[in-house]
Amino acid sequence: MGRKTFESIGNKPLNARFNIILSKSLSQRQANPEGLDNLVVLDSLHTAQQYIEAELGSRVKDNYIVGGRGLYEESIALENMHNVFLTRVNTDVHADVCLD
Ligand SMILES: NC(=O)c1ccc[n+]([C@@H]2O[C@H](COP(=O)([O-])OP(=O)(O)OC[C@H]3O[C@@H](n4cnc5c(N)ncnc54)[C@H](OP(=O)(O)O)[C@@H]3O)[C@@H](O)[C@H]2O)c1
């Protein structure tokens, strides 16, 4: 997930999953002052792919991109992107971030 998405969920990792935060400005110490073992900050999608292969390997089966916008746009073109899970919510909301 992107740094702003991480901030929007309270600067905490999602439970029971290994969380990769993408940011060029956030340090590992800032993001993870408690030293949790399921959270790492990396500076590009390419670095994240390398990290997953080298460090996580067989520990993870599937990888999910959970936003925000730029990360969705960048990752949807990847050749190993297989599925999009889209939820339609029947309501009108004011959104400050939109995906075309
Ligand atoms: N409805 C949904 O399904 C959904 C899902 C996700 C998020 N959201 C919402 O969307 C909003 C955030 O989305 P957003 O698009 O504004 O921000 P975002 O993608 O969450 O965060 C943007 C930041 O993430 C870092 N980043 C993103 N891609 C990167 C990359 N390839 N390499 C390195 N760093 C990268 C950069 O951080 P630095 O500036 O620190 O370098 C960038 O400024 C929040 O309000 C969130 O709640 C909704």
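## Contacts and overall build

Two residues are in contact if their C-beta atoms, placed from the backbone, lie within 7 Å. By this criterion, of the contacts in the protein between residues at least 6 apart in sequence, 36% join residues at least 24 apart. The model is predicted: local features need pLDDT of at least 70, side-chain atom pairs count only at pLDDT 80 or more, and totals for chains, interfaces and linings use all residues. Numbering starts from 1 along each chain as its sequence is written.

The protein has four helices and two strands, in the order α-β-α-β-α-α from the N terminus. These are DSSP runs, with helices (H or I) of at least four residues and strands (E) of at least two, numbered from the N terminus.

## Burial and core

A residue is buried if 20 or more other C-beta atoms, placed from the backbone, lie within 10 Å of its own. Buried residues account for 10% of the 100 residues. Helix H3 (residues 45-56) has zero buried residues among its twelve, and glycine 57, just after H3, has a positive phi of about 45°.

The largest nonpolar core (buried Ala, Val, Leu, Ile, Met, Phe, Trp, Tyr and Cys residues joined through C-beta atoms within 7 Å) consists of eight residues: Met1, Phe6, Ile20, Ile21, Leu22, Ala31, Leu39 and Val41. Strands S1 (19-22) and S2 (39-42) each supply at least two of them, and S1 gives the largest share, three residues.

## Ligand surroundings

The ligand is surrounded by 21 residues (C-beta atom, placed from the backbone, within 6 Å), the closest being Gly2, Lys4, Thr5, Gly67 and Gly68. Helix H1 (3-8) and helix H4 (69-75) are the elements that give two or more residues to this shell.
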